[in-house]
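The exercises below ask the reader to work from coordinates to a description, one step at a time. Please inspect the chain before turning to the solutions.

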Amino acid sequence: MAWAYRSDQELPSLALTWKDRDGNVRDFSSGYTFTVKLALASAPTTVVATKTTGITGAATSPNVVVDWSTSDFTGLTAASGGTDYVCHVSARRTADSKDAVFNPANPPIITLLGAPA
């Protein structure tokens, strides 16, 4: 999964389909809050930005949608050729504060491009 954004752009949203171990789409329509942590693809375990707003859940695919704001990209490197970031997505169940982590075979990657001069 890969998306490209310019540092001055807010669309498109990052739409994900999160399934359970049996292959069923998880129901995130209520009772969950979400966090997206961005890390450079070259250092995928070092978080450089965290987003907790503008992330919604649904019962059907796509069941997690991340709406970006240009302020989400503040402080990130946006090279003219693009800088790749891994998106680590987690869901917290509000009933008991237990976390689940979106762990597909290929995690979502966003490429951040610099705004045109």
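**Exercise 1.** Where does tryptophan 68 lie? Locate this residue and describe its surroundings.

*Solution.* The model is a predicted one, in which local features need pLDDT of at least 70 and side-chain atom pairs count only at pLDDT 80 or more, while totals for chains, interfaces and linings use all residues. Residues are numbered from 1 along each chain as its sequence is written, and side-chain values use heavy atoms, with hydrogens and water left out.

Step 1. Tryptophan 68 belongs to the loop between β6 and β7, where strands (E, at least two residues) and helices (H or I, at least four residues) are DSSP runs numbered from the N terminus.

Step 2. With a relative accessible area of 5%, tryptophan 68 is buried; the classes are buried under 20%, exposed over 50% and partly exposed in between, for a 1.4 Å probe and protein chains only.

Step 3. Leaving aside residues up to four places away in sequence, tryptophan 68 touches Tyr5, Glu10, Pro12, Leu14, Val36, Leu38, Lys51, Phe73 and Ile110, a contact being heavy atoms within 4.5 Å.

Step 4. Isoleucine 55 is 13 residues from tryptophan 68 in sequence, and their C-alpha atoms are 8.7 Å apart in space.

**Exercise 2.** Which kind of aromatic pair do tyrosine 5 and phenylalanine 73 form? Give the geometry, and then the elements that the pair connects.

*Solution.* Step 1. A pair of aromatic rings is described by the distance of the centres and the angle of the planes. Rings of Phe, Tyr and Trp (its six-membered ring) pair if their centres lie within 6.5 Å, and planes under 30 degrees apart count as stacked, over 60 as edge-to-face and the rest as tilted.

Step 2. The search of the whole structure yields seven aromatic pairs. The rings of tyrosine 5 and phenylalanine 73 make a tilted pair, with 5.9 Å centre to centre and 45° between the planes.

Step 3. Because tyrosine 5 sits in strand β1 (residues 2-6) and phenylalanine 73 in the loop between β6 (64-66) and β7 (83-93), the pair ties together parts that are 68 residues apart in sequence.

Step 4. Both partners are buried: tyrosine 5 has a relative accessible area of 0%, and phenylalanine 73 has 4%.

Step 5. Elsewhere, ring pairs link Trp18, Phe28, Tyr32, Phe34 and Phe102 into a cluster.

**Exercise 3.** In which order do the strands of the open three-stranded sheet follow one another? Identify its edges, and then examine the pairing of β3 with β4.

*Solution.* Step 1. The order is β2-β6-β5, with antiparallel pairing; two strands pair if DSSP finds at least two bridges between them.

Step 2. Since β2 (14-16) and β5 (55-57) each have a single partner strand, they stand at the edges, and one side of each is left without a neighbour in the sheet. Neighbouring strands of this sheet are turned against each other by 15° on average, direction ignored, where axes are lines fitted to C-alpha atoms (for helices over the stretch in contact) and angles run from 0 to 180 degrees between N-to-C directions.

Step 3. Between β2 and β6 the antiparallel pairing extends over three bridges, and leucine 14 stands opposite valine 66 in β6.

Step 4. Strand β3 (residues 32-40) is joined to strand β4 (residues 47-51) by four bridges, and the two run antiparallel. Leucine 38 has alanine 49 in β4 as its bridge partner, and a hairpin of six residues connects β3 to β4.

**Exercise 4.** How many salt bridges does a search of the whole structure find? Describe examples together with the accessibility of their residues.

*Solution.* Step 1. The search finds four salt bridges, each being a side-chain nitrogen of Lys or Arg within 4 Å of a carboxyl oxygen of Asp or Glu.

Step 2. One of them joins aspartate 8 to arginine 6 at 2.9 Å, N to O; aspartate 8 is partly exposed at 38% relative accessibility, and arginine 6 is partly exposed at 33%.

Step 3. Another pairs arginine 93 with aspartate 96, with the closest N and O atoms 2.7 Å apart; arginine 93 is partly exposed at 34%, and aspartate 96 is partly exposed at 34%.
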